[in-house]
Amino acid sequence: MAARLNQRTAWCLTDLPDEVFLDILSRLDIRDATRTSTVCRAWRHRWRHLSILRFAPRTVGAADVVSVAQSVLLRHLGPVRKFGLFASGPPLPAIGDRRIDDLVGHLTHPRHGLLVFRLSVPRYRVHSCKTFFSVQPELPTFYERPEIR
């Protein structure tokens, strides 16, 4: 009887729905979220579907924040709704570093549906706003007004 009771109450983190598990992962630093892939096979690629990505020196260690962001985005599979890149300490990206432009270009692709984009990099300017943020306004359709009698 006790063995049956243990079987009924046995619960595992892998039983969580994907939405709940991804919500838990999104609250972790990116370094810790990617480390969960080593816990078990079921979690191996789950971090690749995070919709919130934040990169800061405290979350990536002594590595270059821009390089880590590039590496994660290359392996990322799902849409990115919120993205933050904060480079406040050494090593800082060089002035004119086009890697950040590549990140911006990648994230503005319609498949991501990016809602929040935060970029805090000292001495950085977007090189070509026309490339990344080309807006094509839709022209309104005009209909003839019916005559009122």
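Start by selecting L74, which counts as exposed at 73% relative accessibility, and which belongs to helix α5. With L74 still highlighted, add R48 to the selection: the two are 26 residues apart in sequence, and their C-alpha atoms lie 9.7 Å apart in space. Bear in mind throughout the tour that this is a predicted model.

**The whole chain**

Zoom out and colour by secondary structure, and the protein chain resolves into seven helices and three strands, which follow one another from the N terminus in the order α-α-α-β-α-α-β-α-β-α. Of the 149 residues in the chain, 28% count as buried. If you display the surface, its accessible area comes to about 10,900 Å², and 55% of that area belongs to carbon and sulfur atoms. When contacts between residues at least 6 apart in sequence are considered, 74% of them join residues that are at least 24 apart.

**The loop after α5**

Next, select H76, in the loop that runs between α5 (65-75) and β2 (82-86). Is H76 buried or exposed? H76 counts as buried because its relative accessible area is 5%, which is under the 20% cut-off. Now show the side chains around H76: apart from neighbours within four places in sequence, H76 is in contact with W47, R48, H49, L50, L53 and R111. R48, which you selected earlier with L74, is thus found again among the contacts of H76.

**The strands**

Hide the side chains and display β1, β2 and β3 as ribbons. Strands β1 and β2 run parallel and are joined by four bridges; to see one of these pairings, select R54, whose bridge partner in β2 is G84. On moving to β2 and β3 (residues 116-120), you will find another parallel pair, this one joined by five bridges, and here F83 has F117 of β3 as its bridge partner.

Return to β1 and bring back its side chains. In a regular strand the side chains alternate between the two faces of the sheet. In β1, L53 and F55 make up the covered face, whereas I52 and R54 make up the uncovered one. L53 also appears among the contacts of H76.

**The loop after β2**

Follow the chain beyond β2 and select A87, which is found in the loop between β2 and α6 (98-107). A87 is buried, with a relative accessible area of 2%. Which residues does A87 touch, not counting those up to four places away in sequence? They are L92, P93, S120, V121 and P122. Add F55 to the view as well: although A87 and F55 are 32 residues apart along the chain, their C-alpha atoms are separated by 8.1 Å.

**The largest pocket**

For the last stop, select L28, D29, I30, R54 and T59, which, of the 16 residues lining the largest pocket, lie nearest its centre. The elements that each contribute two or more residues to this lining are α2 (18-26), α3 (30-35), β1 (52-55) and α4 (57-60). Which element gives the most to the lining? It is β1, with four residues. R54, from the uncovered face of β1, is one of the residues nearest the centre of the pocket.

Colour the lining by class, and you will have 10 nonpolar, two polar and four charged residues. Rolling a probe the size of a water molecule over the atoms shows where empty space is left. In the largest pocket, that space comes to about 160 Å³.

Key. Residues numbered from 1 in each chain as written. Predicted model: local features only at pLDDT ≥ 70, side-chain atom pairs only at ≥ 80, totals over all residues. Heavy atoms only, no water. 1 Å grid on protein atoms, 1.4 Å probe; cavity = no way out; pocket = protein on both sides within 12 Å on 5 of 7 lines; lining within 4 Å. Points joined across faces, edges and corners; volume = space filled by probe spheres on them. Nonpolar A, V, L, I, M, F, W, Y, C, P; charged D, E, K, R; others polar. Buried < 20%, exposed > 50% of the residue type's maximum accessible area, 1.4 Å probe, protein only. Contact = heavy atoms within 4.5 Å. Areas by Shrake-Rupley, 256 points an atom, 1.4 Å probe, with all protein chains shown as cover. Pairing = 2+ DSSP bridges.
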